[in-house]
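Here's a short set of exercises to work through with the coordinates open in your viewer. Try each task before you read its solution.

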Amino acid sequence: MAAVRDLKAGETAGPGDDDAVELAKRHLIQPWPYAGSVGSEARALIGKGDGIYITDNTGKRLIDGPAGMWCVNVGHRREELARVMYDQAMALSYNTPWYTMNAPSAELAKRIAGHAPGDLSHVFYTTGGSSAVETALRFMQFYNNVRGRPEKKLILSRGGAYHGSTYLSASLNGRPRDRDWMDGADDVVVKLSSPDPFRRPQGMSLAAFTDFLVDQFRDTVARVGADRIGAFVGEPVQASGGVVVPPDGYLKCIREICRDNDILYVSDEVVTGFGRLGHVFASGDVFGIDPDMITFAKGVTSGYFPLGGVIISERLLEELRRSNHPDAMFGHGLTYTSHPVGCAVALKNLDLLEESVLAHAQAVSPYFQAQLKTLEELPLVGEVRGVGLMGCVECVADRESKDPLQLDKNVGKRIDAHCHELGLLVRPLINMCVMSPPLIITREQIDDMVGILREGISRTMDDLRKEGVWRG
Ligand SMILES: Cc1ncc(COP(=O)(O)O)c(C=O)c1O
C-alpha cells in the first residue's frame with residue numbers, strides 16, 4: 001500500500017503558502033463573503049492537523065476550538081480513517097446509486113438505524129447537512145402528495161435556527177443577519193421564537209418561558225391550521241445560533257403537539273449527532289424524543305469526507321408502500337448519494353466512537369462545562385452555557401440589560417484574534433464565541449483552552465476600554 005505522505009509542521013499538501021494566499025485572492029470565493037471583499041480575500045491558511053491541533057502557515061500550533069465546523073469529532077490525522085478511505089477508493093471509488101449499490105452504505109445504514117430512537121429504520125444519504133435538511137423537506141412534500149394532502153406543506157422553524165445554505169434549508173434559518181441580503185421561500189415557512197432562555201423576557205421564570213414557547217407553538221398550529229403544516233424542523237440544541245440549550249421538557253411538548261396534529265418532527269442533528277453530546281444521537285438519549293426524521297452530517301465522518309443523510313421512520317415508509325399510488329416516484333437523488341468512500345470512512349469513524357470516544361466525551365463534558373463556566377467571572381461575559389462538548393461564551397455590554405448591541409459587534413472576532421495569537425482557534429459569532437473541540441480533548445487540554453480564552457477575553461476588555469467602546 002502506498003504510504004500517506006507525512007507533512008512537516010506548517011507544510012501544506014498543495015502549492016506554497018505565498019502562492020496559496022495569492023491564488024485565493026485571485027480565484028477563490030470563500031463561504032459567507034461580504035460584497036466588498038468577495039473573491040479577493042485570503043483567510044488564515046492551515047497546513048496541518050493532528051489530534052485537537054491545527055497548524056497555520058506561520059508554523060503556529062492552535063487548539064482547534066470549533067473542531068473545524070463542529071465536525072472533526074475523533075480528531076485530526078487519524079490514520080485508521082485515512083487508510084480506510086484509501087482502501088475503499090482502491091476497491092471501489094464510486095458506483096452509481098441510480099441503479100447499483102455498494103455494501104458500505106447498507107452496513108452503515110443498519111448501524112445508524114441501530115443508534116436512532118423510535119422506529120427510525122432507513123437512511124437516505126446526502127452530501128452534507130443542507131442537502132440532508134432539503135431531502136427531509138422534499139420527502140415530507142412527497143409523502144403528503146402521495147397521501148392526497150397537497151396543501152399540507154408549510155414548515156415551522158424558529159428564530160436562532162441554522163439549517164443550511166440551499167434555498168429551502170436556508171429559508172428556515174433564523175439567525176440575525178443570515179437573510180438580510182438573501183431571498184428565501186418565505187411563503188412556505190412559518191417562524192416561531194427561539195427557545196433561548198438567556199434572551200427570555202426579563203423577570204419571566206424558566207417554567208413560564210417554557211409555557212410561553214409551547215403555547216406559541218400550539219396557537220400557531222391552531223391559527224395556521226394543522227391541515228396546512230407538513231413539518232417542524234428544529235435542532236435539539238441550536239448550534240450556530242449560539243449553543244441555545246432549550247428549557248427542560250420543551251422539546252417533549254413540541255414533539256407531542258406535532259404527533260397530535262400529524263406534523264412531521266424533523267430533528268436536525270447535523271451538529272448534535274455523532275458524539276457531540278456523548279451519544280450517537282441526542283434526540284432520544286439526551287432529550288427523550290422520537291422524531292419522524294433525523295438529519296445528520298459533519299461528525300458522521302468526523303469531517304474526513306462530505307457525507308450527510310436523513311433517517312426516516314418505518315411508519316412513514318410503510319404508509320407510502322401501502323398507499324394508493326405505488327407508482328408515485330420520490331424524484332430525488334444526488335450523484336454522491338450512498339458514496340462508498342464516505343460510507344466506509346463513516347463506518348470506521350463509528351467504530352472509534354463506539355469503542356471509546358463516546359465514553360470519553362461523556363466523561364470530560366462536565367469538566368469542560370465547569371471550566372468554561374468560570375469565564376462568567378469576567379465582566380464582559382453575560383453568560384456561559386452549553387451541554388456535552390459544545391459551549392458558548394456570550395458577551396454583553398451590560399449584564400443588567402444583557403444588551404449586546406451597544407457593544408462593538410465584532411467582539412467575538414476580537415477575542416478570536418487574541419486567542420489565535422495565544423494558540424487557540426475560536427468560532428466567533430457576533431458577540432459570542434462558540435467552542436466545540438474534538439471529542440478526544442483531555443482535561444489538561446481543556447485547561448489550556450479555557451486559559452487562553454480567558455486571556456483573549458481579558459485582552460479584548462482592555463482594548464474596548466482603551467477605545468472607549470465599553471466601560472465595564
Ligand atoms: C444544524 C445544522 N444543520 C444543517 C447545517 C448545514 O450543513 P452543511 O454545511 O453540511 O450543508 C448545519 C451547518 O452548520 C447545521 O449546523
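**Exercise 1. The ligand site**

Task: find how far a polar side-chain atom of Ser130 lies from an oxygen atom of the ligand, then work outwards to the rest of the shell.

Solution. Keep in mind that you're looking at a predicted model.

- Step 1: start at Ser130, where a polar side-chain atom sits 2.5 Å from a ligand oxygen.
- Step 2: go to Gly129, which uses its backbone instead: an N or O atom there is 2.8 Å from an oxygen atom of the ligand.
- Step 3: look for a ligand nitrogen. A polar side-chain atom of Asp268 lies 2.7 Å from one.
- Step 4: check the cover. On its own the ligand would expose 390 Å², and the protein buries 83% of that.
- Step 5: list the neighbours. Gly128, Gly129, Ser130, Tyr162, His163, Gly164, Glu235, Asp268, Val270, Val271 and Lys298 surround the ligand.
- Step 6: sort that shell by character, and you get three nonpolar, five polar and three charged residues.

**Exercise 2. Strand 5 and its partners**

Task: decide whether the residues of strand 5 (154-158) are buried or exposed, then trace the pairing outwards from there.

Solution.

- Step 1: count the covered residues. Five of the five in strand 5 are buried.
- Step 2: split them by face. Leu154, Leu156 and Arg158 point to one side, Ile155 and Ser157 to the other, and both faces are covered.
- Step 3: follow one pairing to strand 6 (189-192). Strands 5 and 6 run parallel and are joined by four bridges, with Arg158 opposite Leu192.
- Step 4: follow the other pairing to strand 7 (229-234). This is parallel too, with three bridges, and Leu156 stands opposite Phe232.
- Step 5: repeat the burial count on strand 7: six of its six residues are buried.
- Step 6: carry on to strand 8 (264-268), which runs parallel to strand 7 and is joined to it by four bridges. Here Gly234 has Ser267 as its bridge partner.

**Exercise 3. A loop residue and Arg158**

Task: work out where Leu172 lies, and how far apart Leu172 and Arg158 are in sequence and in space.

Solution.

- Step 1: place Leu172. You'll find it in the loop between helix 6 (167-171) and strand 6.
- Step 2: test for burial. The cut-off for buried is under 20% relative accessible area, so Leu172, at 0%, counts as buried.
- Step 3: compare the two separations. Leu172 and Arg158 are 14 residues apart along the chain, and their C-alpha atoms are 7.6 Å apart.

**Exercise 4. Two four-stranded sheets**

Task: give the strand order of the open sheet with antiparallel pairing and of the open sheet with mixed pairing, and find the edges of each.

Solution. A reminder before you start: strands of a sheet pair through backbone hydrogen bonds, in parallel or antiparallel fashion.

- Step 1: read the antiparallel sheet as 11-12-15-14, four strands in all. Its edges are strand 11 (381-387) and strand 14 (427-429), each paired on one side only. From one strand to the next, the twist averages 20 degrees.
- Step 2: zoom in on strands 12 (390-395) and 15 (432-435). Four bridges hold this antiparallel pair, one of them matching Gly391 with Met435.
- Step 3: read the mixed sheet as 1-2-3-13. Strand 1 (46-50) and strand 13 (424-425) each have a single partner strand, so one side of each lacks a neighbour in the sheet.
- Step 4: check a parallel pairing in the mixed sheet. Strand 3 (61-64) and strand 13 share two bridges, and Asp64 stands opposite Leu425.

**Exercise 5. Positive phi outside glycine**

Task: what is the phi of Ala67, and what is the phi of Ile430? Say where each residue sits and how covered it is.

Solution. The background is that most residues other than glycine have a negative phi.

- Step 1: take Ala67, with a positive phi of about 50 degrees. Ala67 belongs to helix 2 (67-70) and is buried, at 0% relative accessible area.
- Step 2: take Ile430, with a positive phi of about 55 degrees. Ile430 lies in the loop between strand 14 and strand 15, and at 29% relative accessibility it counts as partly exposed.

Note on methods
Residues are numbered from 1 along each chain as its sequence is written. This is a predicted model: local features need pLDDT of at least 70, side-chain atom pairs count only at pLDDT 80 or more; totals for chains, interfaces and linings use all residues. Side-chain values use heavy atoms; hydrogens and water are left out. Two strands pair if DSSP finds at least two bridges between them. Axes are lines fitted to C-alpha atoms, for helices over the stretch in contact, and angles run from 0 to 180 degrees between N-to-C directions. A residue is near a molecule or strand if one of its heavy atoms lies within 4 Å of it. A polar contact is a pair of N or O atoms within 3.5 Å; within protein, one must be able to donate a hydrogen and the other to accept it, and residues adjacent in sequence count only if both atoms are side-chain atoms. Accessible areas come from the Shrake-Rupley method with a 1.4 Å probe; for residues, only the protein chains shown count as cover. Ala, Val, Leu, Ile, Met, Phe, Trp, Tyr, Cys and Pro count as nonpolar, Asp, Glu, Lys and Arg as charged, and the others, Gly among them, as polar. Buried means under 20% relative accessible area, exposed over 50%, partly exposed in between (1.4 Å probe, protein chains only).
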